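Here is a short briefing on the spaces, cores and strands of one protein. Keep the structure in view as you read.

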Amino acid sequence: MAQIITFGEVLMRLSTPGFARFEQAQQFNVTYAGGEANVASALAYWGHSTAHVTRFPDSPVGRAAAQYLRFHGVDISHMLYGGNRIAVYFLETGVAMRPSQIVYDRQFSSFAEINPAEIDWGHILKDATWFHWAGITPALSQAAADACLDGIKAARRRGLTVSGDIFYRSNLWKYGKKPSDILPELTAGTDLVIGSPFIFKDIFGIEPGATFEESCQRLHNAFPQVSRVVDTHRTSLSASHNLLRASMWNGSKVLETEDVEINPIIDRVGGGDAFIAGLIHGLLTFNDEQRALEFGVAASALKHTIEGDALVSTEAEVEAIRQGDTSGRIKR
């Protein structure tokens, strides 16, 4: 199977028990999460060799976070250690008409203070076939953005496929740069972009076309390396009842999936990462782009039923959902 390298921050996730509000919580459930690491762990469950590159404080908490990734099958041999603190996010899970809430505490984290020169991308990528990054990472600091760009350039030199989720969190950009200052250069080295026409305008100044296909062609004209563009479409009937589908431009046409109904939602966080992992797995495993896109949606739908950020599943479980088995009948 393919060797896939992901790069990005891993946070301690502190979530209220059940559906309790922050004001009600007297304790928090602890796990560890990060968008790119979530992709790596899902792919590891499906038989791929995955490694995640990040930086943790050299403390019991930092080592616990690393071991969490190792527990999910992710190679942690390229981890860096240093700095004083792990980033944290607090989660209150919504239900029905009450949405979920997330509060971040990630400034001055060990990862945000990473030194790009510490990362030996040549060694890390020497046997890899795929490199994945996300737009949240370069939002954290200039150093994180530089390290991400170094990884993309190293992957390009070695002929790896590069995927990038260019969605970002606007409130994270606190070091004097805007997404439009940083993300264009990263996108220029990316083969598969996860994004939307609205994001293309916001970051790159590319006006949306009359159709998704036209918008994707305009992105490709600006960044010729981009050969596939993917976007998901969510209909929120409530915090615990969604419909999910996806579209992919493959350079010549647009592929689309049907809606998958998700009801009830147990934990939505990480659903986008599960979609990306499913799509990557499908593109590497199936000789069928439509099936790969459907597998991504099915993986995301299944993640919504699992607590925590990580998708813990077999390929067969996802494939059953892709084929329409959403009955939830007990397995004996």
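The largest pocket has a volume of about 1,200 Å³. The model is predicted. The structure also holds 1 cavity of 30 Å³ or more. Its largest nonpolar core has 47 residues.

**The largest pocket**

- In the largest pocket, 49 residues form the lining.
- Which residues lie nearest its centre? They are Arg169, Arg268, Val269, Gly270 and Gly272.
- Several elements supply at least two lining residues each, among them the helices H1 and H8 (271-285).
- Strands do so as well: S7 (88-92), S8 (101-105), S9 (130-134), S12 (228-238) and S13 (241-249) each supply at least two.
- S12 gives the most to this lining, with 6 residues.
- Sorted by class, the lining of the largest pocket has 19 nonpolar, 19 polar and 11 charged residues.

**The second largest pocket**

- The second largest pocket has a volume of about 530 Å³.
- Its lining is made of 21 residues. The closest to the centre are Leu302, Ile321, Asp325, Thr326 and Gly328.
- Strand S15 (260-262) supplies at least two residues of the lining, and so do helix H9 (289-303) and helix H10 (315-322).
- The class count for the second largest pocket is 10 nonpolar, 6 polar and 5 charged residues.

**The cavity**

- The largest cavity has a volume of about 40 Å³.
- Its lining residues include Val10, Tyr32, Ala33, Gly34, Ala37 and Asn38. Ser41, Tyr68, Leu69 and Ala310 also line the cavity.
- Strand S3 (29-33), helix H1 (35-45) and helix H2 (60-71) are the elements that give two or more residues to this lining.
- Which element gives the largest share of the lining of the largest cavity? H1 does, with 3 residues.
- By class, the lining of the largest cavity has 7 nonpolar and 3 polar residues, with no charged ones.
- H1 turns up twice: H1 lines the cavity, and H1 also helps to line the largest pocket.

**The nonpolar cores**

- In the largest nonpolar core, Phe7, Trp121, Leu125 and Phe131 have the most contacts inside the core.
- Three strands each supply at least two residues of this core: S1 (3-7), S4 (49-53) and S9.
- Helices do so too: H3 (121-124), H4 (142-157), H5 (179-188), H6 (197-204) and H7 (212-222) each supply at least two.
- H4 gives the most to this core, with 8 residues.
- A second core is separate and has 36 residues. Met248, Phe275, Leu283 and Phe295 are included in this second core.

**An open sheet**

- How many strands form the open sheet? There are 4 strands, in the order S3-S2-S7-S8, and the pairing is mixed.
- Why is one side of S3 and of S8 left without a neighbour in the sheet? Each stands at an edge with a single partner strand, so one side has no neighbour there.
- From one strand to the next, the twist averages 25 degrees.
- Strand S2 (residues 11-15) pairs with S3 in the antiparallel sense, over 5 bridges.
- Within that pair, leucine 11 stands opposite alanine 33 in S3.
- Ala33 also appears among the residues that line the largest cavity.

Note on methods
Residues are numbered from 1 along each chain as its sequence is written. This is a predicted model: local features need pLDDT of at least 70, side-chain atom pairs count only at pLDDT 80 or more; totals for chains, interfaces and linings use all residues. Side-chain values use heavy atoms; hydrogens and water are left out. On a 1 Å grid over the protein atoms alone, a cavity is a set of points where a 1.4 Å probe fits but cannot get out, and a pocket is an open set with protein on both sides within 12 Å along at least five of seven lines; lining residues have an atom within 4 Å of a point. Grid points are joined across faces, edges and corners, and a volume is the space filled by probe spheres set on the points. Ala, Val, Leu, Ile, Met, Phe, Trp, Tyr, Cys and Pro count as nonpolar, Asp, Glu, Lys and Arg as charged, and the others, Gly among them, as polar. A nonpolar core is a set of buried Ala, Val, Leu, Ile, Met, Phe, Trp, Tyr and Cys residues joined through side-chain atoms within 4.5 Å. Buried means under 20% relative accessible area, exposed over 50%, partly exposed in between (1.4 Å probe, protein chains only). Two strands pair if DSSP finds at least two bridges between them. Axes are lines fitted to C-alpha atoms, for helices over the stretch in contact, and angles run from 0 to 180 degrees between N-to-C directions.
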